[in-house]
Amino acid sequence: MRYGTIPRGLKERLAEVLGVVPYPMLDVLVAPVQARALIAAARASVFKALGEKAADTPELASRLGLDKSCLDLVLRLLASMGYVKRRASSWSLTRLGTKHFGPDAPNPFRDFVAFGAPQWDWISRLDDVLRTGRGVEIHRTLQGSDWNLYQRAMAEGARDFAGFVARELPVRREARLCLDVAGSHGLVGAAVCRAHPGLESVVLERADAIPEASRLAAELGISDVVSFRPCDLLEDEYGEGADVVILANILHHFSPAANRGILERAKRALRPGGSLAIFDIEAPRPQAPPEAAGDAAALFFRITSNGACFSGDDYLAWLRDTGFVKPRVVRSLLLPSRLLAVAFA
Ligand SMILES: C[S@@+](CC[C@H](N)C(=O)[O-])C[C@H]1O[C@@H](n2cnc3c(N)ncnc32)[C@H](O)[C@@H]1O
């Protein structure tokens, strides 16, 4: 993926050829203002309102209690990004806008985008992380409604990969118990359960995450196969006799030593032959060509974790060190920069 200043039309291409495009100025100004316009629109319910009914700027501003002139500028920018369009003076969602923000969006990202605001604060700490090497401990800094929004945002993200994990993870036929460690909303364990009838998933989570997580699970229609149990994954045992353990998007928060400890607990919780899935961001290989989406994701996770982004080889080495057998890594073209590591107890 590339993300950046892309000249359009003859005049802009000519400016590029002549070398007069002020790239640093545009990079520092356009991307953040675009991102913030998207976040602000989601938080002010602009997409929700346009999904219900097309409107001109004054009407929309009065419906949502917003400033008319600022809203108009936000809408224009969102139109340049392809999320809304204007016919005569009336704004409505485009196909892309409907897909992600419409009332019945098939691939919703409303909460994920709204959660961009607290993420913005974390990203602004990069200067400190760069100096100290210490990441932002997001699970300790999140509070109140942002904590709930975090879980809803993660649930939206999980729709993308839960099916992949469910398809690729081998599960024995009579399997009954899946432990979704740090599973939040429970969608990943639920997808594995749906693929293997008879299997039920227990989400092991921080106690303060459970009320919103279980409310979400009910809303997502997965409460029939998902239940919740408070657990500090760094301190507590995970239980025993499990057929499956899932560790999705959690190991990047911790150091290699802590991750070995987590894998040892997972191994003790599994019955012999039980399967383990690690789904996570993959650190770019040092010799891989730099690439915007993967490298930005890797840096984001470096800022928001106290560990680092790890490579497939790191996961495989820890799995072997902690006694798992037949460890292997599976990647999907549809999930760039992420990997699934599978192994057996
Ligand atoms: C990035 S989310 C991943 C959620 C889910 N597995 C997914 O892939 O969408 C990380 C989760 O880890 C949980 N978590 C963080 N530290 C934890 C701890 N010490 N014990 C239990 N859960 C923890 C958080 O509450 C959060 O729900």
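The questions and answers below concern a predicted model and deal with glutamate 156 and the ligand.

Student: Which side chain of opposite charge is nearest to glutamate 156, and how far away is it?
Tutor: Glutamate 156 belongs to helix α11, which spans residues 144-168, and this glutamate is buried. A salt bridge requires a side-chain nitrogen of Lys or Arg within 4 Å of a carboxyl oxygen of Asp or Glu, and glutamate 156 has none. The nearest side chain of opposite charge is that of arginine 110, at 6.0 Å.

Student: Which backbone nitrogen does the side chain of glutamate 156 reach?
Tutor: Leaving aside residues up to four places away in sequence, glutamate 156 touches Pro108, Phe109, Arg110, Asp111 and Phe112. Within that group, the side chain of glutamate 156 comes to 3.1 Å from the backbone nitrogen of aspartate 111.

Student: Which element gives the largest share of the shell around the ligand?
Tutor: The ligand is surrounded by 18 residues, and the closest are Met154, Glu205, Leu233, Ala248 and Asn249. The largest share of this shell amounts to four residues, and the element that supplies them is α11.

Student: How much of the ligand's accessible area does the protein cover?
Tutor: Among the polar contacts, a side-chain N or O atom of glutamate 205 lies 2.5 Å from an oxygen atom of the ligand, while a backbone N or O atom of leucine 233 is 3.0 Å from a ligand nitrogen. In the side chain of asparagine 249, an N or O atom is 2.9 Å from an oxygen atom of the ligand. Of the 590 Å² of accessible area that the ligand has on its own, the protein covers 94%.

Key: Residues numbered from 1 in each chain as written. Predicted model: local features only at pLDDT ≥ 70, side-chain atom pairs only at ≥ 80, totals over all residues. Heavy atoms only, no water. Helix = DSSP H or I, 4+ residues; strand = E, 2+ residues; numbered from the N terminus. Buried < 20%, exposed > 50% of the residue type's maximum accessible area, 1.4 Å probe, protein only. Lys, Arg positive; Asp, Glu negative; His and termini not counted. Polar contact = N/O pair within 3.5 Å; in protein donor to acceptor, adjacent residues only side chain to side chain. Contact = heavy atoms within 4.5 Å. Near = heavy atom within 4 Å. Areas by Shrake-Rupley, 256 points an atom, 1.4 Å probe, with all protein chains shown as cover.
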